[in-house]
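Reader: I'm new to this and would love a close look at just one part of this model. Could you walk me through the annotated domain and the strands inside, slowly and in plain words?

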Amino acid sequence: MMKKIGQAIGLGIPIGVTCGLVMSLLFSYMYANMYYPSSPRFTAQFQRPLDAISVSILLWALMGIVFALSSLIFDIERWSMARRTAVHFLASYIPFTILALLAKWFPAGWGFLASYTLIYLGIYVAMWLSFYLAARHYVAAVNKKLAAR
Amino acid sequence: MKIELHIDPNVAPEHADVYVQALTPPLQTALDQLGQVDQQWWGYQDKQIIPLDLRHLSLIRASDDTVTAYRVGGGPVQLRERLYQLEAALPSNFIRVSKGEIVNGDSIDHLSVGLNGLINIAMQDGQVAMVSRRYMRSLKERLGL
């Protein structure tokens, strides 16, 4: 169990940081002519840009850990898929939203929170569907092999 | 295959060392059989102790405190061994598919996906097992994909 948690964290940190880095680079190219690790409202909080980047990296690592650890919920076999999905959704949405607000990715306000939640839901459903389709593909491949025996 | 056989009543434990260039399916079959020559599996039912023929086992399932083996054309029996011990000692056609289930790969009828996204294995004798995410890849490999 501890080993699984350790492995999840070990995978979550680099993935989170890499995603954060790539996204912040993309946004910086698109909207500014210099590097911003996060929104201007976030970086304005800090004395020097160096601190803004360090804290951003920390937040990205934490975000990676949130998703890596919550994915372990899907390994609880005695729970129904519905229960696993519901718990995983909450276990990932709540901490991630807190981190996103800390990183000032969107302004704190109900309207902004609502559109953020809609986007989050959309991505969540899309990912759940892709896992489902992958399972379907897997089953078809295995059945094909079984029929050929 | 050049075979050297050494018979000595004092050798213990009995063992075989095989030197090959590659592991092929026929060799794997021969090794499975070799591994089972001194291995007799026993099932427990009520007060009876029943010798088991592995070819007739479709599924082995572990619940909280018992390990149950399902026999084709017979009733379920309890096993004394734990799942991890079985996983190590059973021949290669027995595949771990989830935290609590080992299936006989030769007795799999087909797989299916439920609307909930869970993958089920339908055994030839009607038993149903579940493939968990963790074991998807190894099941595919063991079946030769």
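Author: Sure, let's start with the record. The unreviewed UniProt entry puts the annotation "domain: HTH LytTR-type" on residues 46-145 of chain B; UniProt positions are given in the numbering used here, feature names are shortened, and annotations may be inferred rather than shown by experiment. Residues are numbered from 1 along each chain as its sequence is written, while chains are lettered from A and ligands numbered from 1 in the order in which they are written. This is a predicted model, where local features need pLDDT of at least 70, side-chain atom pairs count only at pLDDT 80 or more, and totals for chains, interfaces and linings use all residues.

Across residues 46-145 of chain B, 17% is helix and 44% is strand, with the end C-alpha atoms 40 Å apart. Helices (H or I, at least four residues) and strands (E, at least two) are DSSP runs, numbered from the N terminus.

Now zoom in on strand S6 of chain B, residues 94-98. Five of its five residues are buried, so S6(B) is largely enclosed by the rest of the structure. Buried here means that 20 or more other C-beta atoms lie within 10 Å of the residue's own; 12 or fewer makes a residue exposed, anything in between is partly exposed, and the C-beta atoms are placed from the backbone.

S6(B) has a partner: four bridges tie it to strand S7 of chain B (residues 101-104), and the two run antiparallel. Strands pair if DSSP finds at least two bridges between them. One such match puts B:Phe94 opposite B:Asn104 in S7(B) as its bridge partner. With two residues between them, S6(B) and S7(B) form a hairpin.

Further along, chain B has an open sheet of three strands in the order S8-S9-S10, with antiparallel pairing. Its edges are S8 (108-113) and S10 (128-131) of chain B, each of which pairs on one side only. On average, neighbouring strands in this sheet are turned by 30° against each other, direction ignored. Five bridges hook S8(B) to S9(B), residues 119-123, in antiparallel fashion. Look for B:His110 there: its bridge partner in S9(B) is B:Ala122.

Finally, chain A joins the picture. Its helix H5 (residues 110-147) lies across S8 and S9 of chain B, at about 165° to S8(B). Angles run from 0 to 180 degrees between N-to-C directions, and axes are lines fitted to C-alpha atoms, for helices over the stretch in contact; contact means that the C-beta atoms of two residues, placed from the backbone, lie within 7 Å.
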